[in-house]
Amino acid sequence: MFNKTRGYLASLETIFLISCLGVMGIVLFAQVVTRYVFQTPLVWSEEAARYLHVWIALFGIHFGLRQNAHIRVTFFYDRMPGKTKGLVRVFSDLVILATIGVYLPGSVIFIQDQATIVSSAMEVNMGLVYIPSFIGFFVAFLYFLVQTLQSVRLVFSGHPEDVPALEETPATIVQGGQDQC
């Protein structure tokens, strides 16, 4: 049930991000056509494209984690023995979890601050523009919490060699070797 729900949410997330990218492309294409063909630029298109880009970047935090797309340097990690590698993985996960834990309440404060501002061209409440920051950090926090707990369980149960390598996709780690997202 849990894996099925996660797979469904991952599909929705992917569809949402692809839709935002598609709409952004259409808006920018319309801007080019209206500006250079009809000599009448759309006043709202640049702002709409910027907001869609913000949504893609901020909402896509978890997508990047799920796809294992974030940059990491594994030169020393790859050369460590099993138990040390497991402990470093747990420490790394805890640092990431703590960092996301700091950004999560900060995103709420930022959204509240932005809620008092209205955009110039589209007259959109700027708090709405930055809601994906909270969503992205919240989902990433939950994801890393589960991953950290699984890594801790493996290291301290005497099986540090079973702690997934950094190259494995997060979906594989959480789902016990079956990448179904």
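1. The structure holds five aromatic pairs. The model is predicted, and the remarks below should be read on that basis. Two of these pairs are discussed first, followed by a nonpolar patch on the surface.

2. One of the pairs is formed by phenylalanine 16 and tryptophan 55. Their ring centres are 5.8 Å apart and their planes meet at 45 degrees, an arrangement classed as tilted. Phenylalanine 16 belongs to helix H1 and tryptophan 55 to helix H2 (residues 45-66), so the pair ties together parts of the chain that are 39 residues apart in sequence.

3. How accessible are the two partners? Phenylalanine 16 has a relative accessibility of 28% and therefore counts as partly exposed. Tryptophan 55, at 27%, is likewise partly exposed, because that class covers values between the 20% limit for buried and the 50% limit for exposed residues.

4. The surroundings of phenylalanine 16 deserve a further remark. Helix H1, in which this residue lies, spans residues 2-36. Leaving aside residues up to four places away in sequence, phenylalanine 16 touches Trp55 and Phe59. The C-alpha atom of phenylalanine 16 is also separated by 9.7 Å from that of glycine 60, a residue 44 positions away along the chain.

5. A second pair joins tyrosine 143 and phenylalanine 144. Here the geometry is edge-to-face, with 5.4 Å from centre to centre and 85 degrees between the planes. Are these residues buried or exposed? Tyrosine 143 is buried, with a relative accessible area of 7%. Phenylalanine 144 is also buried, at 6% relative accessibility. Both assignments follow because buried means under 20% relative accessible area.

6. On the surface, a nonpolar patch of about 740 Å² is made by Val108, Leu128, Ile131, Phe134, Ile135, Phe138, Val139, Leu142, Leu145 and Leu149. Which helix gives the most to this patch? Helix H5, covering residues 131-156, does so with eight residues.

7. Phenylalanine 138 may serve as an example from this patch. This residue is placed in helix H5 and is partly exposed, with a relative accessible area of 37%. Phenylalanine 138 can therefore be a patch member on this criterion, because patches are made of residues with over 30% relative accessible area.

Terms used. Residues numbered from 1 in each chain as written. Predicted model: local features only at pLDDT ≥ 70, side-chain atom pairs only at ≥ 80, totals over all residues. Heavy atoms only, no water. Patch = residues over 30% accessible without salt bridge, like charges linked within 9 Å, V, L, I, M, F, W, Y side chains within 5 Å. Areas by Shrake-Rupley, 256 points an atom, 1.4 Å probe, with all protein chains shown as cover. Salt bridge = Lys/Arg side-chain N within 4 Å of Asp/Glu carboxyl O. Helix = DSSP H or I, 4+ residues; strand = E, 2+ residues; numbered from the N terminus. Buried < 20%, exposed > 50% of the residue type's maximum accessible area, 1.4 Å probe, protein only. Contact = heavy atoms within 4.5 Å. Phe/Tyr/Trp six-rings, centres within 6.5 Å; stacked < 30°, edge-to-face > 60°.
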